[in-house]
Amino acid sequence: MANPNHSEQPAATGSGPWLERRYFIDVARPRLTPTQLMAAVQADVPRFAPELLADFKKKEGEETGLRVGEEFEISILGPWNGCVRVTEVADTLFEFITLEGHPEAGRICFEAHYLDESPDTLRFEIRSRARSRDGLVAFAYSTLGVGKRVQEATWVEFCRRVAAASGGQALSDVTVETLTQTEAGSHDFERHA
């Protein structure tokens with residue numbers, strides 16, 4: 001469960017621009033409902049993460065399932081590893097916050113739901129709002145692009161694996177949207193599949 005020695009690292013404590021990222025994939029005629037699909041993901045988060053890029057290991061607690069306060073240690077490709085804490089668990093979503101020492105400062109939410117305009121289509125999405133932990137990480141992430149590529153590859157593959165587990169047909173590849181906001185207030189929006 002939550003280790004009081006590991007302080008949460010909210011986005012306000014980070015450095016560089018604020019990044020709001022969204023990764024999503026739409027699946028037609030899934031065999032699982034959003035609740036069933038999310039139960040499968042929550043039962044074994046590491047199964048959906050590409051272990052060569054981001055290897056999730058639960059630090060303590062029940063081996064399967066997610067409970068608020070549990071922590072994961074993540075071995076991330078590159079020079080930085082980090083820990084996250086579960087802050088919310090519901091039938092169709094869960095959320096992590098980064099802990100002190102993680103390369104990012106912020107939150108990430110995983111959610112499954114039907115599309116309002118197409119009730120036989122399920123969307124799985126990952127949304128994050130974060131900043132780099134410090135200036136060095138911001139430089140490696142944005143300027144060199146190393147962290148950005150690893151992070152994007154991790155969450156794109158996570159979405160693909162969840163889509164496959166749904167038993168439906170992916171309508172397209174994963175869409176990635178990034179809204180960058182600088183401290184001066186300027187915005188930049190990027191979208192690609």
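1. Is D173 buried, partly exposed or exposed, and what is its relative accessible area? D173 is partly exposed, with a relative accessible area of 33%; here buried means under 20% relative accessible area, exposed means over 50%, and partly exposed lies in between (1.4 Å probe, protein chains only).

2. A word on the basis of this note. The model is predicted, so that local features need pLDDT of at least 70 and side-chain atom pairs count only at pLDDT 80 or more, while totals for chains, interfaces and linings use all residues. Residues are numbered from 1 along each chain as its sequence is written, and side-chain values use heavy atoms, with hydrogens and water left out.

3. D173 is also one half of a salt bridge, in which its side chain meets that of R160 at 2.7 Å, N to O; a salt bridge is counted where a side-chain nitrogen of Lys or Arg lies within 4 Å of a carboxyl oxygen of Asp or Glu. This pair links distant parts of the chain, since R160 is in helix α4 (residues 146-166) and D173 in the loop between β8 (169-170) and β9 (175-181), 13 residues apart. Helices (H or I, at least four residues) and strands (E, at least two) are DSSP runs, numbered from the N terminus. R160 counts as partly exposed, at 37% relative accessibility.

4. By the same rule, the count comes to 17 salt bridges. In one of them, the side chains of R85 and E8 meet at 3.4 Å, N to O. R85 lies in strand β4 (residues 82-90) and E8 in the segment before β1 (15-28), so this salt bridge ties together parts that are 77 residues apart in sequence. R85 counts as buried at 9% relative accessibility, whereas E8, at 38%, counts as partly exposed.

5. Another salt bridge joins the side chains of E20 and R129, at 2.9 Å, N to O. Because E20 lies in strand β1 and R129 in strand β7 (residues 118-132), the pair ties together parts that are 109 residues apart in sequence. E20 is partly exposed, with a relative accessible area of 33%, and R129 counts as partly exposed at 36%. Elsewhere, R22, E111, E125, R127 and E177 are linked in a network of salt bridges.

6. Turning to the aromatic residues, a search of the whole structure finds twelve aromatic pairs, where rings of Phe, Tyr and Trp (its six-membered ring) pair if their centres lie within 6.5 Å, and planes under 30 degrees apart count as stacked, over 60 as edge-to-face and the rest as tilted. F124 and F158 form a stacked pair, 6.2 Å centre to centre with 20° between the planes. F124 lies in strand β7 and F158 in helix α4, so the pair ties together parts that are 34 residues apart in sequence. Both F124 and F158 are buried, and they belong to one aromatic cluster with F48, F56, F72, F94, F96, F110 and W155.

7. The largest nonpolar core has 34 residues, of which F56, F96, F110, F124, I126 and F158 touch the most other members; such a core is a set of buried Ala, Val, Leu, Ile, Met, Phe, Trp, Tyr and Cys residues joined through side-chain atoms within 4.5 Å. Helix α4 gives the most to this core, with seven residues. Leaving aside neighbours within four places in sequence, F96 is in contact (heavy atoms within 4.5 Å) with residues including F56, F72, R85 and F110.
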